[in-house]
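Got the viewer open? Let's take a short walk through this one, one selection at a time.

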Amino acid sequence: MANQQVNGNGNVNGNVNGTGNGVNGSNNHQRFFEDFGVWKESPVLKGTTKFEPLPGVKNIMITGGAGFIACWLVRHLTLTYPDAYNIISFDKLDYCSSLNNTRTLNDKHNFTFFQGDITNPAEVVNCMERYNVDTVFHFAAQSHVDLSFGNSYSFTYTNVYGTHVMLESAKKCGITRFIHISTDEVYGEVMDDADDLVESSILAPTNPYAASKAAAEMMVHSYQKSFKLPVIIVRSNNVYGPHQFPEKIIPKFTCLLNRGQPLVLHGDGSPTRRYLFAGDAADAFDTILHKGQVGHIYNVGSYDEISNIDVCRRLLVHMGIPHETTEEFRSWVKYTHDRPFNDHRYAVDGTKLRNLGWEQKTSLEDGLKITVDWYRKFGEKWWGDITDVLTPFPTLSGLNVVSNSEAITDSPQPSGSAAETKGKVEDGVAAPAVTAA
Ligand SMILES: NC(=O)c1ccc[n+]([C@@H]2O[C@H](COP(=O)([O-])OP(=O)(O)OC[C@H]3O[C@@H](n4cnc5c(N)ncnc54)[C@H](O)[C@@H]3O)[C@@H](O)[C@H]2O)c1
């Protein structure tokens, strides 16, 4: 067995060995275990909801727990339910993760970190059996769309095969609740005049990341039907907030402005996204754990939709950088070529989850303020040197992010979205429809 565990005494058990399985054994991996104490200065951020603990739930395994969204849930559940739930954060420690995200929990009796890979059945089963896991939140994934255009095999491998391993292991270990985290991207892009999509809408992903997430859902659905595995699927909007690796637009642009460097938009900056603050996302997952019905799908929808170019404007305001004149704006906002395909917008209808009592509590203004403040203090220290991460289209080499030199201009570039050529999506090959059970 090749894993490391951190338990409630703050100790690291096990050892990083040289088995060369691609996860453990690399010297490079040791950097994840170096503790410079930066996490001690950070506020401990979590959600706000609290429910009556469920009698059948005791040991909750959260995959991807050292990554962005899951670390919010790990902190939330560990700190909100110390006497009811034990939380096991299971993570491979990939390039985008950081143990800083959960170090504040190392002295908690109900928290354990387990280094393992979801594509390794022995490690997954070992974790489930050792900690008598009854409930799984499956977040671990290759999550960055930009990377999925270049290295898409790793997306299929982690997101589809990895999910398959999680499902098979859950079946073997008698897991009583398997909550699978998907994305609004599985629906594909939504035109400006179209209605928000409900959980029974057709899936029509347009990029390899989204396709791998849709394919993973198909595996989840099949385990529900074939083996009666008690599953719930969650499809969330974009999530933002402290602890997000600065490869995604909001933390990346904040870190660039912090360095006094211009922002580089893909294409013309017109695609819009809906953004949900991570604390509200943690509340959504907490609500789904306690109130969600097995066999159902839940969209997690935000009301705050803005274009990428407006993200630039908002961040410039929050950073107190003058940008009102065309000249000023141009000096801060540049352009490079678009993604091969860039969904114009996503729009999910979150009524079903709101009917369980969940609500979006953090406005984009308040969430951005918290986020910008956090990255000003911690963005340069949390993950080590992020210089290459901040380039327009970085790539990956093992655990290292590598910069890519792209032509940058002052003018908007052609859009990779189908918004101007309506019909493209309708003509596309759609995945089989999945309906909310
Ligand atoms: N970020 C968003 O806006 C967003 C929106 C909707 C859905 N999602 C979904 O939420 C989940 C989490 O997204 P995120 O943005 O927090 O991702 P992230 O990239 O910040 O974190 C992913 C985590 O998974 C881990 N991981 C990757 N491969 C693994 C493997 N083989 N075994 C074990 N651990 C592995 C990584 O080390 C990392 O800690 C993903 O499933 C993603 O598809 C994200």
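Start by selecting G67. Leaving out residues up to four places away in sequence, G67 touches D91, C96, S97 and F139. Bear in mind as you click around that this is a predicted model.

Now show the backbone on either side: G67 sits in the loop between β3 (59-63) and α1. Is G67 buried or exposed? It counts as buried, because 27 C-beta neighbours fall inside 10 Å and 20 or more is enough for that label. For a distance to check yourself, pick the C-alpha atoms of G67 and K92: they are 9.9 Å apart in space, with the two positions 25 residues apart in sequence.

Next, bring up the ligand. There are 29 residues around it, and G67 is among those that come nearest, along with G64, F68, D94 and S97. Colour the shell by class and you get 13 nonpolar, 11 polar and five charged residues. Which elements each supply at least two residues of that shell? Select α1 (68-80), α4 (152-172), β7 (177-183) and β9 (238-240). Of these, α1 gives the most, with three residues.

Last stop: the largest nonpolar core, 112 residues in total. I62, L73, F137 and A281 have the most contacts inside it. Highlight helix α5 (residues 208-227) too, as it brings the largest share of this core, nine residues. Then zoom in on I62. Skipping neighbours within four places in sequence, I62 is in contact with A70, L73, V74, I87, I88, S89, F90, F137 and F139. You've met F139 already: G67 touches it as well.

Key:
Residues are numbered from 1 along each chain as its sequence is written. This is a predicted model: local features need pLDDT of at least 70, side-chain atom pairs count only at pLDDT 80 or more; totals for chains, interfaces and linings use all residues. A residue is near a molecule or strand if its C-beta atom, placed from the backbone, lies within 6 Å of it. Helices (H or I, at least four residues) and strands (E, at least two) are DSSP runs, numbered from the N terminus. Ala, Val, Leu, Ile, Met, Phe, Trp, Tyr, Cys and Pro count as nonpolar, Asp, Glu, Lys and Arg as charged, and the others, Gly among them, as polar. A nonpolar core is a set of buried Ala, Val, Leu, Ile, Met, Phe, Trp, Tyr and Cys residues joined through C-beta atoms within 7 Å. A residue is buried if 20 or more other C-beta atoms lie within 10 Å of its own, exposed if 12 or fewer, and partly exposed in between; C-beta atoms are placed from the backbone. Two residues are in contact if their C-beta atoms, placed from the backbone, lie within 7 Å.
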